[in-house]
Amino acid sequence: MPPAIGIGEPALAPVPAATPPFSSPGLYELVAADQVPAMPPPTPEPPQGAEALATSEPEPHPEPEQKGGWFSRLKAGLSRTTAKLTESITAVFKKRRLDEAALEELEETLISADLGVAASRRIVEGFRKTRFGKEVTDEEVKAALAEALAEILAPVALPMPINPSHAPHVVLVVGVNGTGKTTTIAKLGQQYRAEGLRCAFVAGDTFRAAAVEQLQIWGERTGARVHAPAKHGADAAGLAFDALTAARTDGTQVLLVDTAGRLHNKSALMEELRKIIRVIRRVDPTAPHSVLLTLDATTGQNALQQVKVFKEMVDVSGLAVTKLDGSAKGGVVVALAQEFGLPVHFVGVGEKAADLRPFEARDYARGLVGLE
Ligand SMILES: Nc1nc2c(ncn2[C@@H]2O[C@H](COP(=O)(O)OP(=O)(O)OP(=O)(O)O)[C@@H](O)[C@H]2O)c(=O)[nH]1
Ligand SMILES: [Mg+2]
């Protein structure tokens with residue numbers, strides 16, 4: 001049965017805010033909506049959903065932005081993390097001999113900035129080897145830290161490869177509710193389209209009318225075809241199958257598939273995601289070509305747990321770390337790089353399409369420690 005494709009759906013009501021992400025550290029599990037504890041937003045609530053994205057419209061073919069523009073946005077986005085990280089460095093290292101006590105304090109600072117124990121140790125060991133016993137200033141420590149961070153981040157700073165000759169290249173976007181799946185799809189759709197690629201969206205989070213509407217609004221704005229469920233709660237795998245079948249004949253080059261972030265339990269979600277993959281492989285045995293996991297930086301160390309859980313479910317090919325602007329936990333990207341070595345394809349520092357960008361190790365490392 002063919003899906004209803006972006007027609008006959010309710011009028012474009014304002015998109016309600018997504019349910020806040022479930023983020024009790026260390027207690028991650030996938031639970032029903034009514035069991036999700038309310039979590040206060042980390043910052044005064046910014047504009048939500050597609051409405052917020054709309055502020056970046058209209059610019060169907062935006063000028064490529066100067067790198068400086070993005071870097072200052074990245075730095076602004078990371079400012080809360082930077083403040084946390086550098087305040088104690090400045091306090092400890094005004095001018096000081098790098099002795100055991102100083103190294104210990106540095107390690108504590110790094111761990112408390114969410115870099116994780118392994119990466120923090122690795123950095124401190126590097127300092128011990130090269131600078132032990134020497135007199136250092138806070139500026140020297142920051143510069144050396146930026147280099148050490150860039151070294152950890154460089155191997156994972158990889159773009160998400162898109163191969164339009166797959167006709168279409170299928171990107172399955174997975175992640176816990178509220179981490180930014182739907183908006184990431186919208187942002188990527190807008191960017192790919194600006195690059196001249198023909199995109200379509202699959203509203204695979206079929207139980208959430210808001211998610212379907214959010215994508216429909218974005219489909220209209222960006223000219224992407226939206227494959228929406230015929231009815232609330234329709235089978236997501238069937239929808240993906242029909243969408244891919246259609247996409248292979250209508251010239252779609254990139255098919256971005258949204259998925260549910262939460263079902264009544266973890267195994268139900270795993271079964272759903274696996275079923276989507278199984279079923280689209282009947283149409284194209286090489287699909288999905290990318291499995292992008294979105295992570296909300298404000299959840300800090302919980303993001304690591306989410307990677308573990310989703311890696312068990314599906315073959316995650318790369319990460320998008322969102323909401324770095326509202327977070328003092330940008331250091332978690334370092335922990336992710338050290339622990340998993342999975343490519344970090346994108347970082348998000350705001351709600352506009354241009355606020356999601358490819359991840360660059362050196363910029364990120366310098367941004368974290370507040371250097372130019
Ligand atoms: N400040 C900020 N907000 C963001 C960023 N990325 C996404 N958001 C916002 O986070 C909220 C949740 O994003 P969604 O894309 O709806 O998340 P989702 O994973 O699709 O959530 P579910 O559909 O509930 O599973 C929205 O209000 C987005 O605008 C970011 O980089 N910075
Ligand atoms: Mg969504």
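Me: A crossing is left-handed if the near helix is turned anticlockwise from the far one by less than a right angle, and right-handed if clockwise. In which sense does α5 pass α6?

Reply: The model is predicted: local features need pLDDT of at least 70, side-chain atom pairs count only at pLDDT 80 or more, and totals for chains, interfaces and linings use all residues. Helix α5 covers residues 117-131 and helix α6 covers residues 138-153. Where α5 passes α6, the crossing is right-handed.

Me: Residues are numbered from 1 along each chain as its sequence is written, while chains are lettered from A and ligands numbered from 1 in the order in which they are written. How many helices and how many strands does the protein chain contain?

Reply: Helices (H or I, at least four residues) and strands (E, at least two) are DSSP runs, numbered from the N terminus. Counted in this way, the protein chain has 13 helices and 10 strands.

Me: Into which angular class does the α5-α6 pair fall?

Reply: The axes, lines fitted to C-alpha atoms over the stretch in contact, make angles from 0 to 180 degrees between N-to-C directions. Those of α5 and α6 come within 10 Å and cross at roughly 130°. Angles under 35 degrees count as roughly parallel, over 145 as roughly antiparallel, 65 to 115 as roughly perpendicular and the rest as oblique. The α5-α6 arrangement is therefore oblique.

Me: How is α3 oriented relative to α4?

Reply: Helix α3 (residues 79-92) and helix α4 (residues 100-112) have axes 10 Å apart and pack at an angle of about 170°. That angle makes the pair roughly antiparallel.

Me: What percentage of the 372 residues in the protein chain is buried?

Reply: A residue is buried if 20 or more other C-beta atoms, placed from the backbone, lie within 10 Å of its own. Of the 372 residues in the protein chain, the share that is buried is 48%.

Me: Which residues cover the two faces of β3?

Reply: Strand β3 spans residues 169-174, and 6 of its 6 residues are buried, so the rest of the structure largely encloses this strand. One side of β3 carries the buried residues H169, V171 and V173, and the other side carries V170, L172 and V174.

Me: Which residue in β6 is the bridge partner of V171?

Reply: Strands pair if DSSP finds at least two bridges between them. Between β3 and β6 (residues 254-257) there are 4 bridges in the parallel sense. Within β6, V171 is bridged to L256.

Me: Which residue in β7 does V174 stand opposite?

Reply: Strand β7 comprises residues 290-296 and runs parallel to β3, to which it is joined by 4 bridges. The residue of β7 opposite V174 is L293.

Me: Which strands stand at the edges of the sheet?

Reply: The open sheet consists of 8 strands in the order β5-β4-β6-β3-β7-β8-β9-β10, with mixed pairing. Each edge strand has a single partner, so one of its sides lacks a neighbour in the sheet; these strands are β5 (225-227) and β10 (356-358).

Me: What is the bridge partner of A320 in β9?

Reply: Strands β8 (residues 318-322) and β9 (residues 344-348) run parallel and are joined by 3 bridges. In β9, A320 is partnered by F346.

Me: Which residues of α13 are buried?

Reply: Helix α13 occupies residues 361-368 and is mostly covered, with 7 of its 8 residues buried. After α13 comes G370, with a positive phi near 75°. The buried residues of the helix are A361, D363, Y364, A365, R366, G367 and L368.

Note on methods:
Buried ≥ 20, exposed ≤ 12 C-beta atoms within 10 Å, placed from the backbone.
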